[in-house]
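The exercises below concern burial, helix packing and contacts in a single protein chain. Each task is followed by a solution in steps.

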Amino acid sequence: MSIRGSDVSASGTFTPAPGGAPLARMVLAQARMEARLMLRNGEQLLLAIVIPVIVLVGGVAAAGRIGIDLDGHRPVDILTPGVLALAIMSTAFTSVAIATGFERRYGVIKLLGSSPLPRQGLLLGKVLALLNVVVLQLVVLVVVGLLLGWEPTLAHPPRSLLGLLLAVGLGTAAFAALGLFVAGVLRAEATLALANLVYLLLMAGGGVVLPASTYGAASPFVSLLPSGALGEAMRAALVHASIDGTSLLVLAAWAAVGTVLTARTFRWE
């Protein structure tokens, strides 16, 4: 007879069997904790949901007056997928970078470093938690988009759904890896400043809200940014009912680079 974590001898005494839990169990526990912390943080919810909603409503209201060329599409049909991408970027990069930076400052990461949880387990846990928050974001923004008159293209529903899932998954992984890289090498205050600066720059000129084609001669460069690739992949799925393989490969490359950099440079304190 045996009990998990200990052995029972014939005399009835317990012999401890110390050791870490399986990696999958540790990752799931970390993901649950990360998700609860994110949902309890009012500032992160503001960044994750309120700001994208403001951008969507304000953008749709202003796009018609400004007269931006959107290749014949209605502003709401182009802006809604872009704002969905913006929401993913805000949570997966900015929120993760800032939260992790201050976790390092206050010693939380150091405590995790003394546990059996490896670096890749920390990354996977954060990504899984992010996916839960991202789903909440997307639900809210989809409802707002539909109220504004958004009509997603569903000519090929399986293709659109697959393209959307790939874009969300790879986009979350890419930005989370980059956010952890920044948080793992910079001080908390520097991470806070850089994460917000990068967020603002990519929102304004990174091809996430508006198509890369609206940036003129800079469009090829914009398409290679993780923000531009995510925006293009989301628009391909929800506007053209297609899968943008090139953009997905760009996101996969950023995710791989970010993961390698994080694994090699992340400091627990």
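**Exercise 1.** Determine where alanine 241 is found and whether alanine 241 is buried or exposed.

Solution.
- Step 1. In this predicted model, alanine 241 is found in the loop between helix 9 (226-238) and helix 10.
- Step 2. The relative accessible area of alanine 241 is 1%. Buried means under 20%, so alanine 241 is buried.
- Step 3. The backbone of alanine 241 has a phi near 55 degrees, which is a positive value in a residue other than glycine.

**Exercise 2.** Describe the protein chain as a whole: its pattern along the sequence, its buried share and its exposed area.

Solution.
- Step 1. The protein chain contains 10 helices and 3 strands. Along the sequence they follow the pattern β-β-β-α-α-α-α-α-α-α-α-α-α.
- Step 2. The protein chain has 269 residues, of which 43% count as buried.
- Step 3. About 13,100 Å² is exposed by the protein chain, and carbon and sulfur atoms supply 69% of this area.
- Step 4. Among contacts with a separation of 6 or more, 78% come from residues 24 or more positions apart.

**Exercise 3.** Classify the packing of helix 3 (residues 75-105) against helix 6 (residues 157-185) by angle and by handedness.

Solution.
- Step 1. The axes of helix 3 and helix 6 come within 8 Å and cross at roughly 25 degrees.
- Step 2. Angles under 35 degrees count as roughly parallel, so helix 3 is roughly parallel to helix 6.
- Step 3. The crossing of helix 3 and helix 6 is right-handed.
- Step 4. On the helix 3 side, the contact includes Ile88, Phe93, Ala97, Gly101 and Arg104. On the helix 6 side, Val168, Phe175, Gly179 and Val182 are among the residues in contact.
- Step 5. By class, the residues of the contact of helix 3 with helix 6 comprise 14 nonpolar, 6 polar and 1 charged.

**Exercise 4.** Repeat the analysis for helix 6 and helix 10 (residues 245-265).

Solution.
- Step 1. Helix 6 and helix 10 pack at an angle of about 30 degrees, and their axes are 8 Å apart.
- Step 2. With the cut-off for roughly parallel at under 35 degrees, helix 6 and helix 10 are therefore roughly parallel to each other.
- Step 3. The crossing of helix 6 with helix 10 is left-handed.
- Step 4. Helix 6 contributes residues including Leu166, Leu170, Ala177 and Phe181, and helix 10 contributes residues including Leu248, Trp254, Gly258 and Thr262.
- Step 5. The contact of helix 6 with helix 10 has 16 nonpolar, 6 polar and no charged residues.

**Exercise 5.** Trace the surroundings of valine 182, threonine 191 and alanine 195. Leave aside neighbours up to four places away in sequence.

Solution.
- Step 1. Valine 182 has its place in helix 6 and counts as buried because its relative accessibility is 11%. Its contacts are Phe93, Thr191 and Leu194.
- Step 2. Valine 182 and glycine 101 are 81 residues apart in sequence, while their C-alpha atoms are 8.2 Å apart in space.
- Step 3. Threonine 191 lies in helix 7 (residues 188-205) and counts as buried at 0% relative accessibility. Threonine 191 touches Ala97, Ile98, Val182, Ala183 and Leu186.
- Step 4. Alanine 195 is in helix 7 and counts as buried, at 0% relative accessibility. Alanine 195 is in contact with Phe93, Thr94, Ala97 and Ile98.
- Step 5. From C-alpha to C-alpha, alanine 195 and glycine 179 are 7.8 Å apart, with their positions 16 residues apart in sequence numbering.

**Exercise 6.** Which of the classes buried and partly exposed applies to glutamate 103, and which to glutamate 189?

Solution.
- Step 1. Glutamate 103 is placed in helix 3. Its relative accessibility is 13%, so glutamate 103 counts as buried.
- Step 2. Glutamate 103 touches Glu34, Val108, Ile109 and Lys126, not counting residues up to four places away in sequence.
- Step 3. Glutamate 189 lies in helix 7. At 37% relative accessibility, glutamate 189 counts as partly exposed.
- Step 4. The C-alpha atoms of glutamate 189 and isoleucine 98 are separated by 8.7 Å, and the two residues are 91 residues apart along the chain.

Methods
Residues are numbered from 1 along each chain as its sequence is written. This is a predicted model: local features need pLDDT of at least 70, side-chain atom pairs count only at pLDDT 80 or more; totals for chains, interfaces and linings use all residues. Side-chain values use heavy atoms; hydrogens and water are left out. Helices (H or I, at least four residues) and strands (E, at least two) are DSSP runs, numbered from the N terminus. Buried means under 20% relative accessible area, exposed over 50%, partly exposed in between (1.4 Å probe, protein chains only). Contact means heavy atoms within 4.5 Å. Accessible areas come from the Shrake-Rupley method with a 1.4 Å probe; for residues, only the protein chains shown count as cover. Axes are lines fitted to C-alpha atoms, for helices over the stretch in contact, and angles run from 0 to 180 degrees between N-to-C directions. Angles under 35 degrees count as roughly parallel, over 145 as roughly antiparallel, 65 to 115 as roughly perpendicular and the rest as oblique. A crossing is left-handed if the near helix is turned anticlockwise from the far one by less than a right angle, and right-handed if clockwise. Ala, Val, Leu, Ile, Met, Phe, Trp, Tyr, Cys and Pro count as nonpolar, Asp, Glu, Lys and Arg as charged, and the others, Gly among them, as polar.
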